[in-house]
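Please look over the sequence and the structure below before reading the briefing that follows.

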Amino acid sequence: MQTETKEEFRVRVFTLIGAIPEGSVATYGQIAGLAGAPKHARAVGYLLKHLPAGSSLPWHRVINSQGKISFPPQSEKFRQQSELLRSEGVQVQGGKIALRQYQWC
DNA sequence: CCTTTGACGCTTG
DNA sequence: ACAAGCGCCAAAG
């Protein structure tokens, strides 16, 4: 069935994000690419946006290609994500991740 | 069915 | 380093 494709993509995305270890971050494009759809970065963002409140998915470890948090500064989400990242040992400056690489494996 | 939106990405100036 | 424009695709209205 074709319905598997969308489902598969979603499952892959969730699995990949869940596989990001602490202290590491991945980009939306990276996740989409590993999920088999390099151009579906936005779809990844859509999925995260539609995340249930209780999901244990480390969404905060997903950032954009610019290595920055995809939230407007001073917004609650922005602050929360940067706090979570910092608590995992990721250095954040002005919404930008102080890392040289965004790949974890 | 068509239009709009969006937790993105890449190129150009 | 930063801003604007274009592309790309899925979900919602």
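Leaving aside its neighbours within four places in sequence, which residues is Val13 in contact with? With contact taken as heavy atoms within 4.5 Å, Val13 meets Ile31, Ala35, Val44 and Leu47. This is a predicted model, in which local features need pLDDT of at least 70 and side-chain atom pairs count only at pLDDT 80 or more, while totals for chains, interfaces and linings use all residues. Residues are numbered from 1 along each chain as its sequence is written, chains are lettered from A and ligands numbered from 1 in the order in which they are written, and side-chain values use heavy atoms, with hydrogens and water left out.

**Nonpolar cores**

- The largest nonpolar core (buried Ala, Val, Leu, Ile, Met, Phe, Trp, Tyr and Cys residues joined through side-chain atoms within 4.5 Å, buried being under 20% relative accessible area with a 1.4 Å probe and protein chains only) has 18 residues, of which Phe9, Val13, Ile17, Ile31, Val44 and Leu48 touch the most other members.
- Helices H1 (3–18), H2 (28–34) and H3 (41–49), which are DSSP runs of H or I with at least four residues, numbered from the N terminus, each supply at least two residues of this core, and H1 gives the most, with 4 residues.
- A second, separate core of 8 residues includes Val25, Ile63, Val92 and Ile97.

**DNA strand C**

- Lys6, Lys39, His40, Arg42, Tyr46, His50 and Lys96 surround DNA strand C, a residue being near a strand if one of its heavy atoms lies within 4 Å of it.
- Sugar or phosphate accounts for 68% of the atoms of DNA strand C within 4 Å of the protein, and bases for the rest.

Note on methods
Buried means under 20% relative accessible area, exposed over 50%, partly exposed in between (1.4 Å probe, protein chains only).
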